[in-house]
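Hi everyone, thanks for making room for me today. I'd like to walk you through one model and how its chains meet. Let me put it up on the screen.

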Protein chains: 2
Amino acid sequence: MAATLHDVARVAGVSFKTVSNVINNHPHVRDSTRAKVEEAIAALGYRPNLTARSLRSGHTGAVTLAVPQLRLPYFAELADAVIDAAAKHGLVVLIEQTGGERERELEVMSSPRLKMSDGLIFSPLGMGQEDAELVKADVPVVLLGERIFSSGCDHITMQNVAAARAATEHLLDLGRQRIAVIGAHEGEVIGSAGLRMRGYREALEARNIPYDDAIVGYMWSWHRANGAAAMRELLERGVEFDAVFGLNDTLAQGAMRVLQEAGYRVPDDLAVIGFDDLDETRYSLPTLSTVDPGRDEIAETAIRVLMERIKNPDGGAPREIETAFRVVGRESTLGRNNSGANEPGPSDPNR
Amino acid sequence: MAATLHDVARVAGVSFKTVSNVINNHPHVRDSTRAKVEEAIAALGYRPNLTARSLRSGHTGAVTLAVPQLRLPYFAELADAVIDAAAKHGLVVLIEQTGGERERELEVMSSPRLKMSDGLIFSPLGMGQEDAELVKADVPVVLLGERIFSSGCDHITMQNVAAARAATEHLLDLGRQRIAVIGAHEGEVIGSAGLRMRGYREALEARNIPYDDAIVGYMWSWHRANGAAAMRELLERGVEFDAVFGLNDTLAQGAMRVLQEAGYRVPDDLAVIGFDDLDETRYSLPTLSTVDPGRDEIAETAIRVLMERIKNPDGGAPREIETAFRVVGRESTLGRNNSGANEPGPSDPNR
DNA sequence: GCTCCATTTTACAACGTTGAATGCTTGAAC
DNA sequence: GTTCAAGCATTCAACGTTGTAAAATGGAGC
């Protein structure tokens, strides 16, 4: 059995509370006593029992991260960033996979095991705006993404509209006029797809280019295979376009693959841009231009905001935070008037 | 403040222990009492305090998974599988990233916060065989991978040698004779690289094909960029080869990209195979043949073995378990005498 | 040598739960 | 109407820690 404060105290010849005082760096511990205790701690290999500490102190030093699936690269990279950000503050991360199912998402928030952590970073996919009031848990929640706004808890989101607009403008700047879209969601307004479409349309409007639904590929799911399928459909439709905006990188990769199979050259015949700046976009053939939506910033901000909220649960109104983005030009949009330089986006960290 | 057993008891008009009995499905609780208590539980929205339960019962219902980085797709998919497997048994997963650094790996094992979980699934990268005795923690450990054997704890590994041999044979069966390798580790014998190289050499020997170090690309790190770099080096070297075995999928993808850039057609000019069966291999251009090393089986077995060991820490000698593998033929090795069919590998779950 | 204060240490009571042991009901058997 | 044994419910003591308050120690001042 592991050593306890009492064991250490017995060996050091002091009371167990003194040992506790040493461990917690309390003032008023004589140096000689401290030395004696530390010796005993080392001798016994004592390690504090965090469960007991949690029970007593009321906090656990862990945070929960709930995401759809880690096998989706976006969420794997997000989780990676969250774990690193948490580690910097001495927190561990406990991960729940929801599969993007509304029911599981609700379950995660009401599960008693959420209380094994001090807070929840929650990236819903199945729940939507109509569920805003259901975003309630026994611990502070930081919401990620654009599925739900005004839920009453802190919310961090990327600038979907502005970033998608910038991506579209990046293509327009290459002289492309007929920009196909992959991954739109029929009738959606407020999700990632809807917002990015809005940015796309704004960019077109600003240049008086008519919106054409014929070059928009609707696709509910955003896996690579869906990008491929949507692109095949567009090709079969026989419509013309000179660029493709994948609403995420995975879709863009799938689309790009189909284009190449069909004999098109990227970027010469068709320029392609994605969204997310996944690691893999650096290694595709050609490398994929994309938008970095500020994933690291999202992770770090989420941890920071959550910690503040844990420390002070009633610390002011819920915050809506948008992260800075940046268009990352790579080979898939290389052109005559474009050397692949990065275009910084505006930073608006606390709107 | 959240409701406790005592609050529920007060509302239900019984002693708090009776409430505990109801929650834990103890026998000898009258139906009428049970109903009363359940009503009170619902009315108060009572949720058991898992921290207190852990302290009292000595187990937490969580397991720790320590991996190098989630942004490496292999580990993201492994973590995904582990979380799903754990969820089936009602366990949560707590993830630690070691960055593959030996020091961090040792730290994870000796950290007091490991005790926030009941066991550790540990995938070391920085530690090696010489550290076998250091694999010790306050909780049961299940070791994954091939960096360390005979550590005294349960160990689950893929059949690297046999699987790599099968992958090589898959290429040989296409009539390829000069199979380049990407990602070998100079002088390594026991790690993934060393074992897969052994499988490669065994396959060659069995067919009396001489081993040629000139078509082996050494590369310590296994990211996409490294696969690309190794392949560029091989091409510059001017050596001839008609197939490529990437010691993992990521390397193979990087290598394949460089080959295509250089004007080679895959699989016509060069067949390429990887290792790991990452999701993305299904979507590259061409789709990448690979070896499924049994990742889901690894995850499920790890959870099962760990649970057994948690329940019964002295339950017999440590086990060495190997998972079944299977060669997955895709477009990158499509040939005349090969329709891309899958070739099952032997199952040897309990050697 | 005694008092007094500051410093250091200790005792005690929580935190919310479960297991062991004990006490109280109830209905059936005598 | 007792007695007895289940069946049911309760009391008590942990689990290992930290905060509070009280006690001990020690050195300075008289």
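I'll start with how to read the model, then go through the interface, the symmetry and a few local details.

First, the ground rules. This is a predicted model, so local features need pLDDT of at least 70 and side-chain atom pairs count only at pLDDT 80 or more, while totals for chains, interfaces and linings use all residues. Residues are numbered from 1 along each chain as its sequence is written, chains are lettered from A and ligands numbered from 1 in the order in which they are written, and side-chain values use heavy atoms, with hydrogens and water left out.

So, how many residues does each chain bring to the contact? Chain A brings 49 residues and chain B brings 49 residues, where contact means heavy atoms within 4.5 Å. The area buried between the two chains is about 4,400 Å², and carbon and sulfur atoms give 60% of that. Buried area here is the accessible area, with a 1.4 Å probe, that two parts lose on being put together, summed over both. On the chain A side, Arg71(A), Arg257(A) and Tyr283(A) lose the most area to chain B, together 15% of what that side buries.

Now the polar side of things. Between chain A and chain B there are 6 salt bridges, meaning a side-chain nitrogen of Lys or Arg within 4 Å of a carboxyl oxygen of Asp or Glu. One to look at is Arg47(A) with Asp138(B), at 3.1 Å from N to O.

Which elements of chain A supply at least two residues each to the side that touches chain B? They are helices H4 (50-57), H5 (73-88), H9 (224-237) and H10 (249-261), plus strand E2 (92-97). Helices (H or I, at least four residues) and strands (E, at least two) are DSSP runs, numbered from the N terminus. H5(A) gives the most, with 7 residues. By residue type, that side of chain A divides into 22 nonpolar, 12 polar and 15 charged. For that split, Ala, Val, Leu, Ile, Met, Phe, Trp, Tyr, Cys and Pro count as nonpolar, Asp, Glu, Lys and Arg as charged, and the others, Gly among them, as polar.

Please zoom in on the strands. E2(A) and E2(B), residues 92-97 of chain B, pair in the antiparallel sense over 3 bridges; strands pair if DSSP finds at least two bridges between them. Leu94(A) stands opposite Leu94(B).

On to symmetry. A rotation of 180° with 0.0 Å of shift along its axis superposes chain A on chain B, with an RMSD of 0.1 Å. The two copies are thus related as by a two-fold rotation axis. The fit is by least squares on the C-alpha atoms of residues with pLDDT of at least 70 in both copies. Leu94(A) turns up again here: of the residues of chain A, its C-alpha comes closest to the axis, at 2.1 Å. And 100% of the interface residues of chain A are also interface residues in chain B, so the copies meet through the same surface.

Last, some local details. Over all chains the salt bridges come to 53. Within chain A, Arg102(A) and Asp131(A) form one at 2.9 Å, N to O. Arg102(A) lies in helix H6 (residues 102-110) and Asp131(A) in the loop between strands E3 (120-122) and E4 (141-144), so the pair ties together parts 29 residues apart in sequence.

A cis peptide bond joins Val266(A) and Pro267(A), with omega about 10°.
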